[in-house]
Amino acid sequence: MADKPKRPLSAYMLWLNSARESIKRENPGIKVTEVAKRGGELWRAMKDKSEWEAKAAKAKDDYDRAVKDYEANGGGGGGAANGTAKKRSKPAKKPAKKSKKDDSEDDDDEESE
């Protein structure tokens with residue numbers, strides 16, 4: 001069975017991936033965190049983001065189509081249900097542990113009486 005499609009990148013991330021090298025060239029020796037910070041500044045200052053928003057919309061459409069294909073081929077049904085079942089079972093264990101403590105505290109109360 002094929003892996004579930006990955007979520008598409010946002011317009012900002014698509015732009016940042018294309019602009020990262022030029023940011024590094026303009027600022028030699030810049031740290032990765034500073035590249036991201038500078039990228040954010042440039043993105044916010046950008047007037048026309050329509051090119052990147054269109055690419056992001058196309059990526060989202062492609063992703064939606066891929067997810068439908070994935071689910072149509074039996075990928076989504078069982079995996080999602082199993083995932084939620086696992087998530088539900090974890091909290092059920094926590095109260096069980098608490099109840100053991102509660103029981104032991106109740107035992108302590110009985111001993112102190």
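This report describes the helices, the aromatic rings and the buried core of a predicted model.

## Overall make-up

The model is a predicted one, and its chain has 113 residues, of which buried residues make up 15%. The secondary structure comes to four helices and zero strands, so that, in the sense of a simple listing from the N terminus on, the elements run α-α-α-α. Among the contacts in the chain with a separation of 6 or more, residues 24 or more positions apart account for 69%.

The sections below turn to helix H1, which covers residues 11–26, to helix H2, which covers residues 32–45, and to helix H3, which covers 50–72.

## Helix H1

Helix H1 has 16 residues, and the distance from its first C-alpha to its last is 22 Å, close to the 22 Å expected at 1.5 Å a residue. The helix nevertheless carries a kink of about 45°, and this kink is centred on Ala 19. Ala 19 is also one of the buried residues of H1, which are Ala 11, Trp 15, Leu 16, Ala 19 and Ile 23. What covers these buried residues includes H2 and helix H3.

Two other residues of H1 have a partly exposed position. Asn 17, which is found in helix H1, counts as partly exposed because its relative accessibility is 38%. Tyr 12, which lies in the same helix as Trp 15, counts as partly exposed because its relative accessibility is 21%, a value that does not fall under the 20% set for buried residues.

## Helix H2

The 14 residues of H2 should span 20 Å at 1.5 Å a residue, and the end C-alpha atoms of the helix are 20 Å apart, which agrees with that expectation. The buried residues of H2 are Val 35, Gly 39, Gly 40 and Trp 43. Seen down the axis of H2, these buried residues fall within an arc of 135°, and they therefore line one face of the helix. The face turned away from this buried side carries the exposed residues Thr 33, Lys 37, Arg 44 and Ala 45.

What covers the buried residues of H2 includes H1 and H3. Ala 36, which also lies in helix H2, counts as partly exposed because its relative accessibility is 37%.

## Aromatic pairs

The structure holds three aromatic pairs. One of them is formed by Tyr 12 and Trp 15, which make a tilted pair with 6.2 Å from centre to centre and 35° between the planes. Both residues lie in helix H1, where they are three residues apart, about one turn of the helix. Trp 15 is buried because its relative accessible area is 8%.

Trp 15 also forms an aromatic pair with Trp 43, and this pair is tilted too, with 5.6 Å from centre to centre and 40° between the planes. The pair links distant parts of the chain, since Trp 15 is in helix H1 and Trp 43 is in helix H2, 28 residues apart. Trp 43 is buried because its relative accessible area is 12%. Through such ring pairs, Tyr 12, Trp 15 and Trp 43 are linked into a cluster.

## The nonpolar core

The largest nonpolar core has nine residues, namely Ala 11, Trp 15, Leu 16, Ala 19, Ile 23, Val 35, Trp 43, Trp 52 and Ala 56. H1, H2 and H3 each supply at least two residues of this core, and the largest share, five residues, comes from H1. Trp 15 and Trp 43 thus appear both in this core and in the cluster of rings.

## Where H1 and H2 meet

Several distances and contacts relate residues of H1 to residues of H2. Leaving aside its neighbours within four places in sequence, Ile 23 is in contact with Leu 16, Val 35, Arg 38, Gly 39 and Leu 42. Leu 16 and Ala 36 are 20 residues apart in sequence, and their C-alpha atoms are 8.0 Å apart in space. The C-alpha atoms of Asn 17 and Gly 39, which stand 22 residues apart along the chain, are separated by 9.7 Å.

Methods. Residues are numbered from 1 along each chain as its sequence is written. This is a predicted model: local features need pLDDT of at least 70, side-chain atom pairs count only at pLDDT 80 or more; totals for chains, interfaces and linings use all residues. Side-chain values use heavy atoms; hydrogens and water are left out. Rings of Phe, Tyr and Trp (its six-membered ring) pair if their centres lie within 6.5 Å; planes under 30 degrees apart count as stacked, over 60 as edge-to-face and the rest as tilted. Buried means under 20% relative accessible area, exposed over 50%, partly exposed in between (1.4 Å probe, protein chains only). The expected span of a helix is 1.5 Å times one less than its number of residues. The bend at a residue is the angle between axes fitted to the seven residues ending there and the seven starting there. Contact means heavy atoms within 4.5 Å. A nonpolar core is a set of buried Ala, Val, Leu, Ile, Met, Phe, Trp, Tyr and Cys residues joined through side-chain atoms within 4.5 Å. The arc is that of the directions from the helix axis to the C-beta atoms.
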